[in-house]
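Me: I should like to go through the reasoning behind some of the labels given to this structure. Please set each value against its definition.

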There are 2 protein chains.
Amino acid sequence: MAKVAVLGYGTVGSGVVEVLERNADSVKLKAGEEVVVKSVLDLRDFPGDPIQEKIVHDIDLIVNDPEIDVVVEVMGGVDVPYKFVKACLEAGKSVCTSNKALVEAKGPELIALAKSKNVNFMFEASVGGGIPIIRPLNTSLTADKVNKITGIMNGTTNYILTKMSMEGASYEDVLKEAQELGYAERNPEADVEGHDACRKISILTSLYSGKTVKFKNVTCEGITKISNEDFAYAKKIGCVIKLLASSYVKDGKVYAITAPFMIDKNHPLYNVNGVLNGIYVNGNMVGDLMFFGSGAGKLPTAAAVCADVVDCVKNLSNHQEVFWSEEELDLGDTNDEVRAFFVRVKGKDTKKAMDAFSGEINIVELNDLTDEFAFFTEKMTEKEFNESVSKLDMITRIRVDDTVLN
Amino acid sequence: MAKVAVLGYGTVGSGVVEVLERNADSVKLKAGEEVVVKSVLDLRDFPGDPIQEKIVHDIDLIVNDPEIDVVVEVMGGVDVPYKFVKACLEAGKSVCTSNKALVEAKGPELIALAKSKNVNFMFEASVGGGIPIIRPLNTSLTADKVNKITGIMNGTTNYILTKMSMEGASYEDVLKEAQELGYAERNPEADVEGHDACRKISILTSLYSGKTVKFKNVTCEGITKISNEDFAYAKKIGCVIKLLASSYVKDGKVYAITAPFMIDKNHPLYNVNGVLNGIYVNGNMVGDLMFFGSGAGKLPTAAAVCADVVDCVKNLSNHQEVFWSEEELDLGDTNDEVRAFFVRVKGKDTKKAMDAFSGEINIVELNDLTDEFAFFTEKMTEKEFNESVSKLDMITRIRVDDTVLN
């Protein structure tokens, strides 16, 4: 029998307990032995709840418990979980986490520590919630070189953008509704400013490049400036606006970005709506792959954490290699990236816009918007775009992504 | 250095050699050692081709070569590959195959043999080509119980149906074109009669149920009777027709089928077109998942085979458990399955159809088709449907699948 401790009895933590109980028989079959939660660390007590008898308030009771083989960290934050995870790994326990902030900040160090102790540090649920993506990258795409990953990796912002797109609701109204439904936090910054998705693409890019991508070095724009007018234009030309977290290799250099993009109906992520996540991967041999599923939620995320628990139990004292070194990857400059842009400009001076872009733009106008117009550029570098657009009285610009399935 | 033998230098076999050469550096990193093709078994010679120096014509040269750790079987057929694979496993070599016919016919026996020799028998490429689906089922969905798998698992038929749907071409014309393009075999029976897809859902269902599903026991209908008139009706009501290979658990019983289905735009497989494959999986904890990608093709299939090779090299003398026993699964009766049906009837006697189905049908008529009409039924068992429809002069019926992402 393998014994597990869970750090944090919040949404995911209680989900982990629930999954291991409800699917105990199949988990036992796959893990090769029974898997039981022995201790749950939480500041709170849960009087009357059966979990109460497993609640501990002192991490040392877990770190020093020789019976505990695997520790699940689902507390959130970085500093405290880092301290706890490190102590558990040092004590020879494997750790599984859904905490993308921890993984982004300390991943390679904790992987190296796990390796030195011949245990495992696993983090499937840190990207894409229930969608298997980390394990497929590490164990299925082993004969491939990844060329590109583009994904909708944040359910909160996708819910907001989908509602705005389909119902014409305002950003503020949908955010408020999402908060009431529990899809968005009271302080939504990490989601709406793109930081959460940016951490996830940083993790995936680190995994396929083998080096460390720090999310603070990745160009990151959120969705707070996306307006109904932007969606009205998008609709007119058959596009939607999605927050994409994306990276790709070009001429040996890796470029990464998290930002809202216009995509058309041929884009593999066009139909990924609501709280769903979708991740597109291109490998140099396998070509295009797509993974869809619940990017968040108690049970889907817990299921991914528990798959890690099963893997850890199967591999007690058998470190599974993860290729992610602490060496920082030298990312390419966003200014050098080549793509098309959608631009809204004040006034009606389309000729000036034509001149600024040497005539190579496609103008879009909406009847309702009498004091502005918009256009799509041809593909150009961000630098060229910024130079050209500086001559105009720009309202906003949204990048265009043209990934298609081949 | 790990040495590999490849049985069969056809499309996939030459792809395996190419992938291992072109991605030699990353394969070495992931496998933990260099992976080199030492021998290639083929009846033919390839004078002038660098592969010639590795060509052998006698399987015993591979079986008895102590240097060879991993054997790739990509010959096709069942009897000869079975003999060869068995001999290789008995000689203590791991085997990777893309051969779904072999896996469907002999999977559990070869898995058990591999286990007894503490080596591995892997078959990721046997379902979904380059799409990671077998490994995610075996290693990522370990904390889940699978409720349902529905997929477009045959690229040839999906290419044909997509062309018929989008261009209004006839079945015969598109099949001929697919044969000229190399998407369909000269004898297309295994594809167009649904046997290939049916073998794949049998394999996946065996894996999630842990018992053996024989494809001959699965209800299987091909696409040869699908006509342009069917697509005209489908178009009118916003549906497409897809060959789905599907199984699900209901009240503890597993039901499996491979057949053409009408699906609407909310179905997760609606946009899986051309030679793409798409596989929907529902787990009791993770909920809905989708996997898309190239279901066939030289390099995508070879990439999946090579991922198995890497896994085998990482796990020489370390059997990876696969839960698939030889015990046959007692499948549920298709007659008991509940779904809606699309029906075309000769003549214009809609009242008779109404009477046959107690009024609970939705009639669809096309202006061009003056001597027939069609309708959708409510959900009912196949048995009930067959009884009711026997009173009518039916032209054809297509089942309706209503899987939606939640």
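**Strand pairing and cysteines**

Reply: In this predicted model, Lys148(A) has Tyr248(A) of β9(A) as its bridge partner.

Me: What makes β7(A) and β9(A) a pair, and in which sense do they run?

Reply: Strands count as paired when at least two bridges are found between them. β7(A) and β9(A), the latter covering residues 239-250, share four bridges, and their sense is antiparallel. They therefore meet the criterion for a pair.

Me: How do you know that β7(A) also pairs with β11(A)?

Reply: Six bridges join β7(A) to β11(A), residues 276-283, and the two run antiparallel. With at least two required, the strands are therefore paired. Within β11(A), Tyr280(A) lies opposite Thr150(A).

Me: Why is β7(A) called mostly covered?

Reply: Six of the seven residues in this strand, residues 146-152, are buried.

Me: How many disulfides does the whole structure contain?

Reply: The search over all chains finds zero.

Me: Why is Cys312(A) in no disulfide?

Reply: Its nearest cysteine sulfur, in Cys96(A), is 3.6 Å away. A disulfide requires the sulfur atoms to be within 2.5 Å, so this pair does not qualify.

Me: What of Cys220(B)?

Reply: The nearest cysteine sulfur to that of Cys220(B) belongs to Cys198(B), 4.1 Å away. The cut-off is 2.5 Å, so Cys220(B) is likewise in no disulfide.

Me: Why are Cys312(A) and Cys220(B) labelled as they are for exposure?

Reply: Cys312(A) has a relative accessible area of 0%; buried means under 20%, so it is buried. Cys220(B), at 27%, falls between 20% and 50% and is therefore partly exposed.

Terms used: Residues are numbered from 1 along each chain as its sequence is written. Chains are lettered from A and ligands numbered from 1 in the order in which they are written. This is a predicted model: local features need pLDDT of at least 70, side-chain atom pairs count only at pLDDT 80 or more; totals for chains, interfaces and linings use all residues. Side-chain values use heavy atoms; hydrogens and water are left out. Buried means under 20% relative accessible area, exposed over 50%, partly exposed in between (1.4 Å probe, protein chains only).
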